[in-house]
Amino acid sequence: MNQKIVLTRQIFVAVIIAFSATAFVSCEKYAWDPPKIDLTTPVSFKSEVFPIFNSNCYSCHKSGNLNFTSVTTTWTSINKAQYLTPGNPEVSLIYTKLTSGSHESRCSIEDRNKIYSWIKQGALNDNE
């Protein structure tokens with residue numbers, strides 16, 4: 001009788017292990033792959049970055065140090081407040097704010113990647 005119980009438990013454990021392994025392996029093909037950051041294609045402040053700031057930041061930052069009402073005021077305010085470190089998004093306050101805390105959910109990963117690329121490319125102003 002004890003041998004039957006031991007054998008039943010061993011089969012039960014083997015089935016659970018097999019099921020778990022199958023479930024774990026099958027999840028691999030559905031793993032989330034974040035969008036790649038393209039540093040080779042130039043990013044335009046005027047036509048690509050400003051619209052992101054305007055649609056995601058303007059509602060909360062209508063006044064104060066940051067002003068996202070127009071291309072010119074946006075450019076001026078993020079530079080005057082020293083929110084940019086051209087070439088280095090990891091220390092640029094405008095980028096680090098977008099990737100942490102309450103600001104993280106304000107724009108999509110694609111938009112954050114575009115801003116990252118723009119800063120990495122030197123945060124150029126093509127509005128002039």
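This section describes the packing of helix H2 against helix H5 and the salt bridge between them in a predicted model.

Two packed helices are described by the angle between their axes and the distance between the axes. In the model, helix H2 spans residues 45–57 and helix H5 spans residues 109–120; their axes come within 10 Å and cross at roughly 130°. Because angles over 145 degrees would count as roughly antiparallel and those from 65 to 115 as roughly perpendicular, H2 and H5 are classed as oblique to each other. The crossing in which H2 passes H5 is left-handed.

On the H2 side, the contact is made by Phe-45, Glu-48, Val-49, Ile-52, Phe-53 and Asn-56, and on the H5 side by Asp-111, Lys-114, Ile-115 and Trp-118. Grouped by class, the residues in the contact of H2 with H5 comprise six nonpolar, one polar and three charged residues.

Side chains of opposite charge can pair when their charged atoms come close. A search of the whole structure returned one salt bridge. Glu-48 and Lys-114 form a salt bridge, in which the closest N and O atoms are 2.9 Å apart. This pair links distant parts of the chain, since Glu-48 belongs to helix H2 and Lys-114 to helix H5, 66 residues apart. Both residues also appear in the list of those making the helix contact.

The relative accessibility of Glu-48 is 24%, so Glu-48 counts as partly exposed. Lys-114, with a relative accessible area of 29%, is likewise partly exposed. The buried class is reserved for values under 20% and the exposed class for values over 50%.

Note on methods:
Residues are numbered from 1 along each chain as its sequence is written. This is a predicted model: local features need pLDDT of at least 70, side-chain atom pairs count only at pLDDT 80 or more; totals for chains, interfaces and linings use all residues. Side-chain values use heavy atoms; hydrogens and water are left out. Axes are lines fitted to C-alpha atoms, for helices over the stretch in contact, and angles run from 0 to 180 degrees between N-to-C directions. Helices (H or I, at least four residues) and strands (E, at least two) are DSSP runs, numbered from the N terminus. Angles under 35 degrees count as roughly parallel, over 145 as roughly antiparallel, 65 to 115 as roughly perpendicular and the rest as oblique. A crossing is left-handed if the near helix is turned anticlockwise from the far one by less than a right angle, and right-handed if clockwise. Contact means heavy atoms within 4.5 Å. Ala, Val, Leu, Ile, Met, Phe, Trp, Tyr, Cys and Pro count as nonpolar, Asp, Glu, Lys and Arg as charged, and the others, Gly among them, as polar. A salt bridge is a side-chain nitrogen of Lys or Arg within 4 Å of a carboxyl oxygen of Asp or Glu. Buried means under 20% relative accessible area, exposed over 50%, partly exposed in between (1.4 Å probe, protein chains only).
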